[in-house]
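The following exercises invite the reader to study a protein chain step by step. Each task is followed by a worked solution.

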Amino acid sequence: MLAQKLEPFLKKYEELEQQLNNPELINDVAKMTAISKEQKALEAIVLKAREYLKVLSDIEDNKKLLSDSEFAELAKEELKILEEAKPKLETELKLLLLPKDKNDDKNIFLEIRAGTGGDEASLFAGDLLRAYMKYADLKGYKTEIVSSSEGSVGGFKEVIVLVKGVGAYSRFKYESGTHRVQRVPQTESQGRLHTSAITVAVMPEVDDIEIDINPNDLKIDVMRSSGHGGQSVNTTDSAVRITHIPTGLVVVNQDGKSQHKNKESAMKVLKARLFEMKEKERLEKESSDRKSQVGSGDRSERIRTYNFPQNRISDHRINLTLYKLDTIMENGFFDELIEALITHYQAQALEEEKD
């Protein structure tokens, strides 16, 4: 029964409230902060639970009044309203009770790579990056390019951006995969429609506690940073390449002028990639059916098509097509797509909970 499932949450919330009211806690700022954070995490479900339990209680009270000639008609009307509110609250509570993705609140590394399509793929990588950065700004997140390799005619062959803000992963995790673009490229003199592709990976920023790297497993090279076309952009050996020997992962960073800063940024990206690999392995072990899993960084799945001549954007995972590609790309209005994906995967998770 749903009401019974809610009891531990209500009890825990009340316990935390009592602890916060303890006058001795005022001297322990760290503990008080930790308790407040834990209570805040329970707040949404507790408020909804109290609302639901009040509806259940009111339903029982009104049922008793049905036999009272004086209040029967009023109780009947009230019951109708309450019975309509009950299933909506139950659905909302079930969603709140779903296991939370432990990475949802984390910052992310957003990696965009040009795929098939040559220069046009690089140009679109740049266009999508700008749209994502506008979206991040709309959500109140901060962005910082930590590594980039420019295309020969503009855009990027590869770019990695750090997106900072609570909930960044929860909003961007659905973007992992292959993005296909159909348009007449700037580089096309005959006006022919081209199809190109880029890949996106979304990796949560991780703490040292979460990923342990043996220094002996690393090969670190320093070299001179090179700019567009291989030209030297400074005279110091500030570029850093880190190779993780066991996995063969390679991260290069040369965007900063400080070797120390480039090394620090490269290590953060490497940790994020290793964490991504571990998460993917864990998910594969936990379930053979990963249809409901998102944010795994799987670059092989074609998730979306951007058709510029028709002003159409289609998400293939949920069969959603919107004819507003221009406003999405120009203004970063991704919320309609992302909210639809959230709803889809939540519904899928609820179905799995029934099994």
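**Exercise 1. Determine what share of the residues in the protein chain is buried, and how many helices and strands the chain has.**

Solution. In this predicted model, buried residues make up 41% of the 355 residues in the protein chain. The chain has 8 helices and 11 strands. Turning to contacts with a separation of 6 or more, residues 24 or more positions apart account for 62% of them.

**Exercise 2. Describe how helix α2 is arranged relative to α1 and to α3.**

Solution. Two packed helices are described by the angle between their axes and the distance between the axes.

Step 1: α1 with α2. Helix α1 covers residues 2–20, and its axis comes within 8 Å of that of α2, crossing at roughly 140 degrees. This makes α1 oblique to α2. The crossing of the two helices is left-handed. Their contact comprises 17 nonpolar, 3 polar and 5 charged residues.

Step 2: α2 with α3. The axes of α2 (residues 29–65) and α3 (residues 72–97) come within 8 Å and cross at roughly 155 degrees. Angles over 145 degrees count as roughly antiparallel, and α2 is therefore roughly antiparallel to α3. The crossing of α2 past α3 is left-handed. In the contact of α2 with α3 there are 16 nonpolar, 1 polar and 9 charged residues.

**Exercise 3. State the order of the strands in the open sheet of 8 strands, and identify its edge strands.**

Solution. Step 1: order. The strands follow one another as β2-β3-β1-β5-β4-β9-β10-β11, and the pairing is mixed.

Step 2: edges. Strands β2 (142–150) and β11 (320–322) each pair on one side only, and are thus the edge strands.

Step 3: twist. On average, neighbouring strands of this sheet are turned by 15 degrees against each other, direction ignored.

Step 4: packing. Helix α4, residues 119–138, packs on the sheet and touches β1, β2, β3, β4, β5 and β9. The direction of α4 makes about 45 degrees with that of β5.

**Exercise 4. Explain why β9 is described as largely enclosed, and set out how β9 pairs with β4 and with β10.**

Solution. Step 1: burial. Of the 6 residues of β9, 5 are buried, so the strand is largely enclosed by the rest of the structure.

Step 2: pairing with β4. Strand β4 (residues 177–183) and strand β9 (residues 302–307) pair in the parallel sense over 5 bridges. Within this pairing, arginine 180 stands opposite threonine 305, and valine 181 stands opposite tyrosine 306.

Step 3: pairing with β10. Strand β10 comprises residues 312–315 and pairs with β9 in the antiparallel sense over 4 bridges. Here asparagine 307 stands opposite arginine 312. The two strands form a hairpin with 4 residues between them. In the turn, asparagine 311 has a positive phi of about 55 degrees.

**Exercise 5. Decide whether isoleucine 211 is buried or exposed, and find which residues it touches.**

Solution. Step 1: location. Isoleucine 211 is found in the loop between β5 and β6 (218–223).

Step 2: burial. The relative accessible area of isoleucine 211 is 6%. Buried means under 20%, and isoleucine 211 is therefore buried.

Step 3: surroundings. Not counting residues up to four places away in sequence, isoleucine 211 touches Val206, Lys271, Leu274, Phe275 and Lys278. The C-alpha atoms of isoleucine 211 and alanine 272 are separated by 8.5 Å, and these two residues are 61 residues apart along the chain.

Technical notes:
Residues numbered from 1 in each chain as written. Predicted model: local features only at pLDDT ≥ 70, side-chain atom pairs only at ≥ 80, totals over all residues. Heavy atoms only, no water. Axes fitted to C-alpha atoms, helices over the stretch in contact; angles between N-to-C directions. Parallel < 35°, antiparallel > 145°, perpendicular 65-115°, else oblique. Left-handed = near helix turned anticlockwise from the far one by under 90°. Nonpolar A, V, L, I, M, F, W, Y, C, P; charged D, E, K, R; others polar. Pairing = 2+ DSSP bridges. Contact = heavy atoms within 4.5 Å. Buried < 20%, exposed > 50% of the residue type's maximum accessible area, 1.4 Å probe, protein only.
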